[in-house]
Amino acid sequence: MRTLVSKTAAQPLSRLLAAGIVAAVLLSPSEAGSGAEPVLGATVNELLARVRNLNPELAAAALEREAAVAKIYPAGALDDPMVNLSRDQGFRQTLFTASQEFPLWGKRDLRKAVAEANAEVAAGRRNSLGLELEEQTKVAFAQYYQVDQAIRVTREIQVLLRTVSESVRSRYAQGVGTQSDAIRADLEQTRLGPELSALERDEEVAKAKINALIGRSANAPLAKPQVLRGLPSVASLKLDALVARSRGGNPMVAMALAEIAAAEGERTLVDKSWYPGVTISLGADDLPNMGPRVTAGVGIKVPLQWGVREAEARAATAKKGAAQLRLDAALLKIESELQSALASLIRAQATEDLLKHGLSQQSNAAYQSALASYQQGRGDLTPVLDTARSRLQIRVEILRVETEAQTALAAIERQIGSDL
């Protein structure tokens, strides 16, 4: 633990430099010169890089971690020495002493170890927040992609229905179709208007979520999302393996272990407080006609405050017990959420496969058949409109299932502490 924490003390400058480098890379030369915001949003990796470096909440957690790291050195250092200068006018005596307290029995090392454990707790809190924000970003991007693609699909169906409407009008002009068919075709096309408006509203909501996560104003422009992240093979994901990875990668586990170590150190410090440290003093005593004389002394603190130490011991014991219970709860919660997310991912991938390779192809074939029959005057308009609506619903459902799979994947990755 000591080595890990000491290395982090030199990171603030490097992190600031890294943030500057990332910002410079994200800005094109013209944007860097004009101060314009970069257009992000095409891929989730762009957004994740921005979250890791510029999210204000994550930056605040990093500063709290730095504050905890900065307390390590003072915890193991000696207290400031005490200097006394006194003058006795009656005896014309001047006395000068300098004293320094030396904690014995390994107390300084224990204090430093407790401070290191507290720094690890702050680091775990920062890492946990980082994973949570990354999960939110992945989910928000998947929702942004879903809405953007749903808008595109709905507009395609709208164009398709416009073609059907023109065909109906052409047949009606030729005296083949009916006026009710023309009205129904126009009505079906008009019904998509409110759906498009709702999707556009959802798109603005998704944009606002993403901009908040990457530290920008809610109405900052975003690029069109291009592609979702690839999904791992379900066959390669085993619950036991994921749980094992979470034990070493989930920062909540690391944070709970660090809390236990800190509480154990505090309890040991309380036990050692019954063994006092030593205060050594050196000085000089100047008497008239005798010249300066060197003085020396040794002092100890007498542990008389038994109630204070007993209360501190109970507090440290309770703190350790609470940390152990939090660890147990975290392990149970991680396993539960991993199992739930894995089941959701398996179900989503199976449903997506069924929709893409089954229902989607069947609905396209049904629509083409109904449209061809109608154009040849052998069919009714109802199957054409029903199959067109079915095509839209299936394609939108595919997008919803893809988002569900991305959400489950993000939840798994947060629990194991790394990408799959």
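This is a conversation between a visitor and a guide about how to read some features of a predicted model.

Visitor: Let's start inside. Which residues have the most contacts inside the largest nonpolar core?

Guide: A nonpolar core is a set of buried nonpolar residues joined through their side chains. Here the largest one has 26 residues, and Leu-47, Leu-133, Ile-210 and Ile-214 have the most contacts inside it. Helices α4 (44–54), α5 (56–70), α7 (107–173) and α8 (179–213) each bring at least two residues to this core. The top giver is α7, with 10 residues.

Visitor: And what is Ile-214 in contact with, leaving aside its neighbours within four places in sequence?

Guide: With those neighbours set aside, Ile-214 is in contact with Leu-40, Leu-47, Arg-50, Val-51, Leu-54 and Leu-222. There is also another core, apart from the largest one, with 23 residues. Ile-260, Ile-334, Ile-394 and Val-401 are among them.

Visitor: Now a single residue. Is Gly-265 buried or exposed?

Guide: The cut-off to keep in mind is that buried means under 20% relative accessible area. Gly-265 has 10% relative accessibility, so it counts as buried. You'll find Gly-265 in helix α10 (residues 251–272).

Visitor: Which residues does Gly-265 touch, not counting residues up to four places away in sequence?

Guide: Gly-265 touches Leu-110 and Val-114. Look at how sequence and space compare here: Gly-265 and Leu-110 are 155 residues apart in sequence, yet their C-alpha atoms are 6.1 Å apart in space.

Visitor: Let's turn to the empty spaces. What volume does the largest pocket have?

Guide: The largest pocket has about 400 Å³. Its lining is made of 16 residues, and those nearest its centre are Lys-107, Arg-111, Leu-269, Ser-273 and Arg-309. Three helices, α7, α10 and α11 (306–375), each supply at least two residues of that lining.

Visitor: How many residues of each class are in the lining of the largest pocket?

Guide: Sorted by class, the lining of the largest pocket has eight charged, six nonpolar and two polar residues.

Visitor: How is a cavity read, and how many of 30 Å³ or more does the structure have?

Guide: A cavity is a space where a probe fits but cannot get out. The search of the whole structure turns up two of 30 Å³ or more. The largest cavity holds about 40 Å³ of space, and the second largest has a volume of about 30 Å³.

Visitor: Which residues line the largest cavity?

Guide: They are Leu-131, Glu-134, Glu-135, Lys-138, Ala-410, Glu-413, Arg-414, Ser-418 and Asp-419. Helix α7 has the largest share of this lining, four residues, and α12 (381–416) also supplies at least two. By class, six of the lining residues are charged, two are nonpolar and one is polar.

Visitor: What about the lining of the second largest cavity?

Guide: That one is lined by Ala-61, Glu-64, Arg-65, Ala-122, Arg-125 and Arg-126. Helices α5 and α7 each supply at least two of these residues. Four of the lining residues are charged and two are nonpolar, with no polar ones.

Visitor: With charged residues in view, how many salt bridges are there?

Guide: In a salt bridge, a side-chain nitrogen of Lys or Arg is within 4 Å of a carboxyl oxygen of Asp or Glu. The whole structure has 23 of them. Take Glu-204 and Lys-207, whose side chains meet with 3.9 Å from N to O. These two residues are three apart in helix α8, so about one helical turn separates them. Glu-204 is partly exposed, at 46% relative accessible area, while Lys-207 counts as buried at 18%.

Visitor: Which salt bridges tie together parts of the chain that are apart in sequence?

Guide: One is Arg-326 with Glu-259, with 3.1 Å between the closest N and O atoms. Because Arg-326 lies in helix α11 and Glu-259 in helix α10, the pair ties together parts 67 residues apart in sequence. Arg-326 is partly exposed, at 43%, and Glu-259 counts as buried, at 17%. Another is Glu-337 with Arg-414, at 3.3 Å from N to O. This pair links helix α11 to helix α12, across 77 residues. Glu-337 is partly exposed at 26%, and so is Arg-414 at 24%.

Visitor: Which residues are linked in a network of salt bridges?

Guide: Lys-138, Arg-229, Glu-413 and Asp-419 are. You have met some of these names before: Lys-138, Glu-413 and Asp-419 are among the residues lining the largest cavity.

Key. Residues numbered from 1 in each chain as written. Predicted model: local features only at pLDDT ≥ 70, side-chain atom pairs only at ≥ 80, totals over all residues. Heavy atoms only, no water. Core = buried A, V, L, I, M, F, W, Y, C linked by side-chain atoms within 4.5 Å. Buried < 20%, exposed > 50% of the residue type's maximum accessible area, 1.4 Å probe, protein only. Contact = heavy atoms within 4.5 Å. 1 Å grid on protein atoms, 1.4 Å probe; cavity = no way out; pocket = protein on both sides within 12 Å on 5 of 7 lines; lining within 4 Å. Points joined across faces, edges and corners; volume = space filled by probe spheres on them. Nonpolar A, V, L, I, M, F, W, Y, C, P; charged D, E, K, R; others polar.
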